[in-house]
Amino acid sequence: MKSIYKLLILALLFNTNAVLSQGCDIDDPTSSDAEGNTPNIKLFGYLQPEYNYNFTDGDQDNTIRFRRARLGVRGKVLNDFSYYFMFEASPFIGGTADTYLMDAFVTYEADNWARISVGTFKQPFSLDVATPCHMIRTIERSVVADQLVAPQRDFGLAVFGGNKFNKLNYSVAIMNGTGLNQGDNNTKKDIMGRATYKITKYLTVGGSFRFGHPIPNNNEDHRSSYGGELLLELDKLRVQAEYIYDEGAYFAGAAGGCGTTPIALGEKRDGAYMLATYAVNEKFEPVLKYEYFDPDIDMKNNIGYLERMTVGFNYFVNNKVRFQLNYLANIETVANVNNDQLLAQVQIKF
């Protein structure tokens with residue numbers, strides 16, 4: 001642990017003008033020194049303290065906690081080689097007070113259509129998962145992404161192509177399938193990928209796939225996942241929608257996204273969401289999201305089936321400070337339960 005602190009202090013001494021990123025962002029944030037040689041080291045991160053109030057029967061559970069507390073370093077060694085790593089310090093995600101490694105990968109950029117990364121990073125599956133944690137429009141990700149795109153981070157090798165100026169973007173990866181802080185426990189690898197295409201200036205569509213063997217010491221039972229996505233950006237209005245279908249074996253020990261407690265799944269499961277935001281001005285942005293998640297499609301009157309409406313807003317003090325307020329109205333179709341939530345969060349980026 002002492003070596004981690006020494007490394008972060010060293011990075012801070014090199015450069016205190018941090019550039020923000022998260023996960024597997026494919027932009028090039030680094031800059032060269034005065035002679036155009038070795039680029040500067042970049043230190044970045046963000047804090048997300050929040051308040052949760054649960055509308056349950058009896059005494060209402062409420063708490064103040066950290067959603068995320070992250071610190072990272074990235075930069076380039078040569079023109080074609082870059083590195084990126086990030087640590088998570090929030091005990092509410094890792095379940096322990098110890099800081100642990102989230103992302104750590106080396107990238108070789110052959111050209112715009114072949115950036116090769118090896119290490120640990122987010123799985124290239126789903127628009128919701130690909131959205132950096134500091135840029136999510138609601139405090140919670142969609143339930144279907146947190147439950148079915150699991151593990152969200154893993155060890156592997158990936159190839160990325162395209163950028164924000166290209167109509168087509170793609171990513172393909174071969175990964176262990178066991179998640180963070182876990183060694184590979186079978187001889188199979190997970191294969192997955194995601195591609196998006198900008199049909200017009202305002203509309204982008206895409207799809208994802210995954211095929212793997214998630215059970216430890218098991219090379220036979222497999223899992224297949226498919227997703228479709230849509231993003232509409234029309235002036236101040238932004239609409240994002242996604243559907244994910246998943247079937248086959250799964251391993252609850254891989255956990256869900258950002259510390260989410262896994263739900264027991266049937267042989268076939270699916271879910272979808274639609275998220276709409278409207279930028280009234282540069283500071284105020286109302287948010288509305290509808291989603292559903294079915295952990296077992298074949299089971300009728302499944303008590304685990306969930307529908308949820310999220311209403312709230314984002315308030316941007318500036319580009320470094322954001323306040324979010326969300327009310328989560330959970331809709332049960334089998335047995336009514338008092339389990340709505342009120343979430344409030346402040347985010348500081350540096």
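A residue counts as buried when its relative accessible area is under 20%. By this criterion N176 is buried, because its relative accessibility is 16%. In this predicted model, N176 is located in the loop that runs between β7 (168-175) and β8 (190-198). Beyond its neighbours within four places in sequence, N176 makes contact with D154, F155, D184, K188, K189 and D190.

The chain as a whole contains four helices and 16 strands. Of its 350 residues, 45% count as buried. Among the contacts with a separation of 6 or more, 55% join residues that are 24 or more positions apart. The exposed area of the chain is about 16,900 Å², and 60% of this area is supplied by carbon and sulfur atoms.

The interior was examined next. In soluble globular proteins, nonpolar side chains tend to be buried together. The largest nonpolar core of the model has 16 residues, of which V144, L148, V149, I244, Y273 and F293 touch the most other members. At least two residues of this core come from each of α3, α4, β12 and β13. The greatest contribution is that of α4, which gives four residues. Apart from this core lies another one of twelve residues, including F44, F105, M175 and M192. The surroundings of I244 can also be listed: when residues up to four places away in sequence are not counted, I244 touches F125, S126, V144, A145, L148, V149, Y226, G227, R269, D270 and G271.

Charged side chains were considered separately. Side chains of opposite charge can pair when their charged atoms come close. A search of the whole structure finds 13 salt bridges. One of them joins E140 to R67, with 3.3 Å between the closest N and O atoms. This pair links distant parts of the chain, since E140 is in the loop between α3 (127-130) and α4 (143-148), whereas R67 is in strand β2 (residues 62-76), 73 residues apart. E140 is partly exposed, as its relative accessibility is 22%, while R67 is buried at 8%.

A further salt bridge is formed by the side chains of R137 and E285, at 3.8 Å from N to O. R137 belongs to the loop between α3 and α4 and E285 to strand β13 (residues 284-294), so this salt bridge ties together parts of the chain that are 148 residues apart in sequence. R137 counts as partly exposed at 22% relative accessibility, whereas E285 has a relative accessible area of 8% and is therefore buried.

The side chains of R269 and D246 also meet in a salt bridge, at 2.7 Å from N to O. Because R269 lies in strand β12 (residues 268-278) and D246 in strand β11 (residues 237-248), the pair ties together parts that are 23 residues apart in sequence. R269 is buried, with a relative accessible area of 0%, and D246 likewise counts as buried at 0% relative accessibility. Salt bridges that share partners also join E50, R65, R67 and E140 into one network.

Aromatic side chains were then analysed. A pair of aromatic rings is described by the distance of the centres and the angle of the planes. The count comes to eleven aromatic pairs. In the pair of F284 and F313, the ring centres are 5.4 Å apart and the planes stand at 40 degrees, so the pair is tilted. F284 lies in strand β13 and F313 in strand β14 (residues 306-316), and the pair thus links distant parts of the chain, 29 residues apart. F284 counts as partly exposed at 31% relative accessibility, and F313 counts as partly exposed at 23%. F313 also forms a tilted pair with F323, with 6.1 Å from centre to centre and 50 degrees between the planes. Since F313 lies in strand β14 and F323 in strand β15 (residues 321-331), this pair ties together parts that are ten residues apart in sequence. F323 is partly exposed, with a relative accessible area of 28%. Elsewhere, F44, Y84, F105 and F121 form one aromatic cluster.

The surface was examined last. A nonpolar patch is formed there by V77, L78, F81, V106, Y108, I116, V118 and L157, which together have about 670 Å² of accessible area. Strands β4 (100-111) and β5 (114-122) each supply at least two residues of the patch. I116 lies in strand β5 and is partly exposed, with a relative accessible area of 33%.

Key: Residues numbered from 1 in each chain as written. Predicted model: local features only at pLDDT ≥ 70, side-chain atom pairs only at ≥ 80, totals over all residues. Heavy atoms only, no water. Buried < 20%, exposed > 50% of the residue type's maximum accessible area, 1.4 Å probe, protein only. Contact = heavy atoms within 4.5 Å. Patch = residues over 30% accessible without salt bridge, like charges linked within 9 Å, V, L, I, M, F, W, Y side chains within 5 Å. Areas by Shrake-Rupley, 256 points an atom, 1.4 Å probe, with all protein chains shown as cover. Salt bridge = Lys/Arg side-chain N within 4 Å of Asp/Glu carboxyl O. Core = buried A, V, L, I, M, F, W, Y, C linked by side-chain atoms within 4.5 Å. Phe/Tyr/Trp six-rings, centres within 6.5 Å; stacked < 30°, edge-to-face > 60°.
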